[in-house]
Amino acid sequence: MRIALYEPEIAGNVGAVLRLGACLGVAVDLIEPLGFGWDDARVRRTAMDYIDHVEIVRHAGFAAFRESLSQSRLVLFTTKAEPSLYSFTFRPDDVLLFGKESAGVPAAVAQECDAKVRIPIRAEVRSMNLASAAALALGEGLRQVGALPG
């Protein structure tokens with residue numbers, strides 16, 4: 001399983017997701033352009049020394065990322081999906097895709113995804129923080145496939 005971030009805008013969120021990947025043993029794909037410089041100190045400050053324990057793959061754009069997937073299923077997390085994270089059946093080689101913080105992913109990218117799921121939240125709020133959403137999604141996916149560490 002992998003996490004992919006589509007054009008992330010907030011360095012601290014990326015750092016937190018990198019730390020998540022290090023802790024749970026999954027690689028993180030970053031689909032450019034990023035909304036900050038890669039050398040932004042906030043990435044390392046949030047990821048801390050965990051950044052040295054995660055595989056990071058940067059892609060020049062969505063097309064390059066999609067080509068790199070081979071047979072893996074691309075699962076988009078979006079507030080616009082109907083199936084819940086908890087009723088979805090994950091596979092060990094799934095790539096969990098999260099859109100940019102301000103706008104998600106464009107319709108053309110959503111159409112390229114093999115599945116779309118949502119994280120159930122209260123109706124009076126719009127969405128969850130990117131890093132929090134990634135943690136919930138990855139935790140459930142790894143739990144389902146029996147791949148949680150420890």
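**Entry 1. The sheet**

I count two strands as paired if DSSP finds at least two bridges between them. The model I am looking at is predicted. I started with the sheet, which is open and has six strands in the order β3-β2-β1-β5-β4-β6, with parallel pairing. I then asked why one side of β3 and one side of β6 are left without a neighbour in the sheet. β3 (56-59) and β6 (115-117) stand at the edges, and each has a single partner strand, so one side of each stays free of a neighbour there. I noted the turn of neighbouring strands against each other as 25° on average, with direction ignored.

**Entry 2. Strand β4 and its two partners**

I looked up β4, residues 74-77, next. To β6 it is paired in the parallel sense over three bridges. To β5 it is joined by four bridges, and these two strands also run parallel. For single residues, I found V75 opposite A115 in β6. F77 has V117 as its bridge partner in β6, and in β5 F77 stands opposite F98.

Which way do the side chains of β4 point? L74 and L76 point one way, V75 and F77 the other. In a regular strand the side chains alternate between the two faces of the sheet. I list all four residues as buried, the cut-off being under 20% relative accessible area.

**Entry 3. Helix α5 on the sheet**

What does helix α5 touch on the sheet? I have α5 as residues 130-144, packed on the sheet and touching β1 (2-6), β4 and β5 (95-98). The direction of α5 makes about 160° with that of β5.

I took I3, in strand β1, as a residue to follow. I3 is buried, because its relative accessible area is 0%. Leaving aside neighbours within four places in sequence, I wrote down its contacts: V17, L20, V26, A27, V28, D29, L96, F98, A134 and L138. I also checked I3 against A135, and the two are 132 residues apart in sequence but 9.8 Å apart in space, C-alpha to C-alpha.

**Entry 4. A nonpolar patch on the surface**

I then turned to the outside of the model. Y86, I121, V125, M128 and L136 form a nonpolar surface patch, with about 410 Å² of accessible area together. I looked at two of these residues in turn.

M128 is found in the loop between β6 and α5, and M128 is partly exposed, with a relative accessible area of 32%. L136 is placed in helix α5. Is L136 buried or partly exposed? L136 counts as partly exposed because its relative accessibility is 34%. Apart from neighbours within four places in sequence, L136 is in contact with L85, Y86, I119 and M128. L136 and L85 are 51 residues apart in sequence, and I have their C-alpha atoms 8.9 Å apart.

**Entry 5. Salt bridges**

Side chains of opposite charge can pair when their charged atoms come close. I counted nine salt bridges, taking a Lys or Arg side-chain nitrogen within 4 Å of an Asp or Glu carboxyl oxygen. I looked up three of the pairs.

The side chains of R2 and D29 meet at 2.7 Å, N to O. R2 is in strand β1 and D29 in strand β2 (residues 27-31), so I noted a link between distant parts of the chain, 27 residues apart. R2 is partly exposed at 22% relative accessible area, whereas D29 counts as buried at 2%.

R58 forms a salt bridge with E32, and the closest N and O atoms are 2.6 Å apart. I placed R58 in strand β3 and E32 in the loop between β2 and α2 (41-47), 26 residues apart. R58 counts as partly exposed, with 41% relative accessibility.

For R73 and D94 the closest N and O atoms are 2.8 Å apart. R73 lies in the loop between α3 (62-67) and β4, and D94 in the loop between β4 and β5, so the pair ties together parts that are 21 residues apart in sequence. I have both R73 and D94 as buried.

Which residues are joined into one network by salt bridges that share partners? I found R2, D29 and E55.

Notes
Residues are numbered from 1 along each chain as its sequence is written. This is a predicted model: local features need pLDDT of at least 70, side-chain atom pairs count only at pLDDT 80 or more; totals for chains, interfaces and linings use all residues. Side-chain values use heavy atoms; hydrogens and water are left out. Axes are lines fitted to C-alpha atoms, for helices over the stretch in contact, and angles run from 0 to 180 degrees between N-to-C directions. Contact means heavy atoms within 4.5 Å. Patches are made of residues with over 30% relative accessible area and no salt bridge: like charges are joined within 9 Å, nonpolar side chains (Val, Leu, Ile, Met, Phe, Trp, Tyr) within 5 Å. Accessible areas come from the Shrake-Rupley method with a 1.4 Å probe; for residues, only the protein chains shown count as cover. Buried means under 20% relative accessible area, exposed over 50%, partly exposed in between (1.4 Å probe, protein chains only).
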